[in-house]
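Open the model in your viewer and keep the selection panel at hand. The stops below go from one whole chain to the pair of chains, and then to one helix contact.

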2 protein chains.
Amino acid sequence: MLAVKLKDTYKDLDGQKVTMQGWVRTNRGSKKAGFIELNDGSTFSNVQVVYKPEQTADYEAVSKITLGSAIEVTGTLKATPGAKQDYEIQADSVEVLGASDHEYPLQKKRHSFEYLRTIPSVRPRANTYYAMFRLRSVLSMAIHRFFQDRGFVYVHTPIITGNDAEGAGECFTVTTRADDKYDQDFFAKHAQLTVSGQLHVEPFALTYRNVYTFGPTFRAENSNTTRHASEFWMIEPEMAFADLSDNMDVVEDMIKYCINYVLENAPEEMAFFEKAIDKDCINRVKAVAESDFKRMTYTEAIGHLEQAKDQFENQDIFWGMDLQSEHERYICEQVVKGPVFLTDYPKEIKAFYMRENEDGKTVAACDLLVPYVGELVGGSQREERYDVLKKKMDDLGMNEGSLDWYLDLRRFGGCRHSGFGLGFDRMLMYLSGVQNIRDVQPYPRTPRNLIN
Amino acid sequence: MLAVKLKDTYKDLDGQKVTMQGWVRTNRGSKKAGFIELNDGSTFSNVQVVYKPEQTADYEAVSKITLGSAIEVTGTLKATPGAKQDYEIQADSVEVLGASDHEYPLQKKRHSFEYLRTIPSVRPRANTYYAMFRLRSVLSMAIHRFFQDRGFVYVHTPIITGNDAEGAGECFTVTTRADDKYDQDFFAKHAQLTVSGQLHVEPFALTYRNVYTFGPTFRAENSNTTRHASEFWMIEPEMAFADLSDNMDVVEDMIKYCINYVLENAPEEMAFFEKAIDKDCINRVKAVAESDFKRMTYTEAIGHLEQAKDQFENQDIFWGMDLQSEHERYICEQVVKGPVFLTDYPKEIKAFYMRENEDGKTVAACDLLVPYVGELVGGSQREERYDVLKKKMDDLGMNEGSLDWYLDLRRFGGCRHSGFGLGFDRMLMYLSGVQNIRDVQPYPRTPRNLIN
């Protein structure tokens, strides 16, 4: 008896006895024959199990096996050329390894995402999530392969941090107390969840030249949007001896690599998203993979936006403004008609660590805008000049000592360096067309929402 | 001019003009010639830069370049067959891209690990850490490759969890408040940092069959030992339709794969550890990679320990006891003389989710013991029988509802499944011979210790 898995191919097994384990996706029987759609987790599509009174033991019992049950099928593999699947299994016996009872929360009908979000321990078996969480795994591997193949060192930056002012949003406190006597707390000081690994990874770039993080980050912002979660994964590469242009080269290579990797390694999942979620998703990402990413200054972009301001909901266009999604999308969808890096933003609207340009007004930042979503990646060359950075941190009132170590890197062989951040969950939304970040994460955490 | 990196080989470049960027590890000059050991982060060993008054611009200034400075060297690549490195660079010019000032905390002398732990943003440049954090990256990739090559789906289990009783130690609270009114907190309930991804990953094993986690986990235990950190990374694979024996097969394959992978992909780093930290480390892990891992029941192990009890500090040997490190090491080092799985532990000393054996006294657990460290991996077959698990949770007073979802998996197509946990940081200690967990983590977090 040959134990088989769905993802393998069985050209040569026609007529052989096989055994397969998996979960029942559908089961429909009649007097003469029954059909189970079986999935064993190894690949997106199901195999059809055919059972018949004259062949299958306990026909009556098999016809009553419930949706979601775990079973082991033994039978004959039968090639079915031209059919949706290459083969089916004609069952001699079907053993129930784990039944699902009458409260099983998935039925054959289509369930709403809202409902499925209430059952995170079962929803991975629903098609959209079943496709998504394998895509998530495949994209993770794409990231690691891309950077490791290029000699980047993967750094586990800390989740718990004592840095007060990373300047990227509100933080969760980590404590073993029920009051604010943090000097008596576990770490003998206030501790919080990281909002970004960037500051912590820079010392490693100044050691290994090319490094990256890939881990969870947190924001305690009380905003209930479809694009914000309180816990999400970020990729943050950092490169020494690299300027803004080098930085953009790496972003472009990485995005293209990831797109090609998922098209190659998750083709059934991407085909499902194209069919069920967003008919343009494959064409859209393929077009990006084949584009030359353009580069345009923020100042030039403002010029384009001013000329087209009638089209926007927010028509107050001026140099120094923070661009909204509608503006970003206009630039890449209407002006450039493809992916574009906006560069050299006003320093007031960007983070303190970005390198000030000669003009004294802008910083060497780059945001990658792509059609359909707008901003996908944000990066910059970092301020490597001790005096310039110190003055900036002083002006922002940041110098209470907790980031002295970061500033000091500029006195200890600090040199030109650059990096960027890619929101992993948003990249999944971009690839699949799925609109809500709650539907790309295994256990989404958002305000007043913490299931399991 | 050819920009080169240390890690590449340059057989054919003898005599060519090249340029290289990196950091100064040593610089010693005399009247006639000077030598800079330069490292560019791409590989463990340095390249020698030779500078001479008659060839190198600003000879005097070059001889004063300080340790740790970032420089760019331009000069002639000269093959040096038979020397420690294959080539050296004879400098025409050396440009300082980022100086290190007189407070640079690393000097040529050997610094203690205690001192280096106080400067986590600089210590990656010290040899031991420089080797360790690349090994960490290489081992991470070994893990991902091993599982992805075998079709395992990578799952990002959540860091913030609302589950109260995972039964694996004390927890950090995650909050935006300074009191304990958790019903008014960010998530409208008490939230904490995960101690293990296992419970959260099981639903995915019951969907994809073979899955794994690889992420940070947390313990708020106030214990200052060399083997415990408050934040550490774990790998937790979980496999449906797998029993304890299948589980042990995967553990064995994974450990061997990881050992071979790091020997192949971090040979200089492993050679450094052998030279500087633990002269047995390579032999030790090679022996494990070539062993057949034995299997022995806990009960049998107790028999061996009783016979040898005079040798132990803790001589109170009895069936039902928790084994200490000295006992575990005796079993694998003296009895088996190699890696061994201990199986079928008394149920009272193991976690609630482990499957109860027919004898009613033991559970289908397996701990992998290896020479030199003792326990390296802990795993088990999981209790898939709803009634048995419910009774256990009831008996332990766990049924306050927060793990109902976990219990319910047993009613929703739950089947035989198994998994294990590997402490990633401990695996690094094992491979390198480094004795303190604070020296394998980029930013170690321990009680009253939160630097940067």
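This tour of a predicted model names a selection at each stop and says what is there.

**Chain A alone.** Select chain A and show it as a cartoon: 12 helices and 17 strands make up its secondary structure. Reduced to its C-alpha trace, chain A spans about 85 × 55 × 45 Å along its principal axes. Now switch on the surface. Chain A exposes about 17,400 Å², and carbon and sulfur atoms supply 46% of that area. Of its 452 residues, 62% count as buried. If you draw the contacts in chain A between residues at least 6 apart in sequence, 67% of them join residues at least 24 apart.

**Chains A and B.** Add chain B. Chain A superposes on chain B by a rotation of 180° with 0.0 Å of shift along the axis, at an RMSD of 0.0 Å. This is therefore the relation of a two-fold axis. Next, select the interface residues of chain A: 100% of them are also interface residues in chain B, so the copies meet through the same surface.

**Two helices in chain B.** Hide chain A and select residues 127-149 and 424-432 of chain B, which are helices α3 and α12. Their axes come within 11 Å and cross at roughly 120°; the crossing of α3(B) and α12(B) is right-handed. Show side chains at the contact. From α3(B), look for Met132(B), Leu135(B), Arg136(B), Leu139(B), Ser140(B) and Ile143(B). They meet Phe424(B), Asp425(B), Met427(B), Leu428(B), Leu431(B) and Ser432(B) of α12(B). Coloured by class, this contact shows eight nonpolar, two polar and two charged residues.

How values were computed:
Residues numbered from 1 in each chain as written. Chains lettered and ligands numbered in written order. Predicted model: local features only at pLDDT ≥ 70, side-chain atom pairs only at ≥ 80, totals over all residues. Heavy atoms only, no water. Axes fitted to C-alpha atoms, helices over the stretch in contact; angles between N-to-C directions. Helix = DSSP H or I, 4+ residues; strand = E, 2+ residues; numbered from the N terminus. Left-handed = near helix turned anticlockwise from the far one by under 90°. Contact = heavy atoms within 4.5 Å. Nonpolar A, V, L, I, M, F, W, Y, C, P; charged D, E, K, R; others polar. Least-squares fit on C-alpha atoms with pLDDT ≥ 70 in both. Buried < 20%, exposed > 50% of the residue type's maximum accessible area, 1.4 Å probe, protein only. Areas by Shrake-Rupley, 256 points an atom, 1.4 Å probe, with all protein chains shown as cover.
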